Amino acid sequence: MATEPLSQKEIEDRLTELPGWSLDGAKITRTYRLGSHFAATALVVHIAQTQEELNHHSDLTLGYNTVALAVNSHDAGGAVTEKDFELARRVEALAPGHQAS
Ligand SMILES: C[C@H](O)[C@H](O)[C@H]1CNC2=NC(N)=NC(=O)C2=N1
């Protein structure tokens, strides 16, 4: 079930498959660096579309040329679930198209 809390080991195992992602407190996080503020803003819009499709939403932070995500599952009491990793994988798949690193 995608909304079951994952164990620490399950989280760590999944993070090994997601370079750049880490566990920060109770959320999985990643910061992308872009070539400009406009490029970072465009990535935010694309991520927002994806989050709406998944009905799963991160805390998105737009910097000068960075986009940071931090996510866990409210419906699971703030635990990390498979839905968080589904979002992370979808963002990892779309980020290269934005020349995000
Ligand atoms: C009512 C709505 O479907 C739920 O609140 C969705 C929306 N987006 C969500 N986002 C996150 N990160 N966790 C959730 O549990 C969640 N649930």
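**Close-up views of the predicted model**

**View 1. Contacts of Val67.** Beyond residues up to four places away in sequence, Val67 touches Tyr32, Leu34, Ala40, Leu43, Val44, Leu60 and Leu62. The model shown is predicted. Val67 is also one of the residues that touch the most other members of the largest nonpolar core. Ile28, Tyr32, Leu34, Leu43, Ala88 and Val91 share that standing. The core holds 16 residues. Strand S2, helix H2, strand S4 and helix H3 (82–94) each supply at least two of them. H3 gives the largest share, four residues.

**View 2. The two faces of strand S4.** In a regular strand, side chains alternate between the two faces of the sheet. S4 shows this alternation residue by residue. Val67, Leu69 and Val71 point to one face and are buried. Thr66, Ala68 and Ala70 point to the other face and are not buried.

**View 3. The open sheet.** Four strands form an open sheet in the order S1-S2-S4-S3, with antiparallel pairing. S1 (22–24) and S3 (59–62) each have a single partner strand, so one side of each is left without a neighbour in the sheet. From one strand to the next, the twist averages 30 degrees. Helix H2 (residues 37–54) packs on the sheet and touches S2 (27–33), S3 and S4. The direction of H2 makes about 165 degrees with that of S3.

**View 4. Pairing of S4 with S2 and S3.** Strands of a sheet pair through backbone hydrogen bonds, either parallel or antiparallel. S4 (residues 66–71) runs antiparallel to S3, and four bridges join the two. Leu60 stands opposite Leu69 of S4. Thr61 stands opposite Ala68 of S4. S3 and S4 form a hairpin, with three residues between them. S2 also pairs with S4 in the antiparallel sense, over six bridges. There, Thr29 has Ala70 of S4 as its bridge partner.

**View 5. Surroundings of the ligand.** The residues around the ligand are Asn55, His56, His57, Val71, Ser73, His74 and Asp75. By class, this shell has one nonpolar, five polar and one charged residues. Val71, part of the shell, is among the buried side chains of S4. Asn55, also in the shell, lies in the loop between H2 and S3. Asn55 is exposed, because it has 7 other C-beta atoms within 10 Å. Its phi is positive, about 50 degrees, although Asn55 is not a glycine.

**View 6. Leu18 beside helix H3.** Leu18 is found in the loop between helix H1 (8–16) and S1. Its contacts, leaving aside neighbours within four places in sequence, are Ala88 and Glu92. Ala88 is also a member of the largest nonpolar core. Leu18 counts as partly exposed, because it has 15 C-beta neighbours inside 10 Å. Leu18 and Leu94 are 76 residues apart along the chain. Their C-alpha atoms are separated by 14 Å.

**View 7. Gln99 after helix H3.** Gln99 is in the segment after H3. Its phi is near 55 degrees, a positive value in a residue other than glycine. Gln99 counts as partly exposed, because it has 13 C-beta neighbours inside 10 Å.

Conventions:
Residues numbered from 1 in each chain as written. Predicted model: local features only at pLDDT ≥ 70, side-chain atom pairs only at ≥ 80, totals over all residues. Pairing = 2+ DSSP bridges. Axes fitted to C-alpha atoms, helices over the stretch in contact; angles between N-to-C directions. Contact = placed C-beta atoms within 7 Å. Buried ≥ 20, exposed ≤ 12 C-beta atoms within 10 Å, placed from the backbone. Core = buried A, V, L, I, M, F, W, Y, C linked by C-beta atoms within 7 Å. Near = placed C-beta within 6 Å. Nonpolar A, V, L, I, M, F, W, Y, C, P; charged D, E, K, R; others polar.
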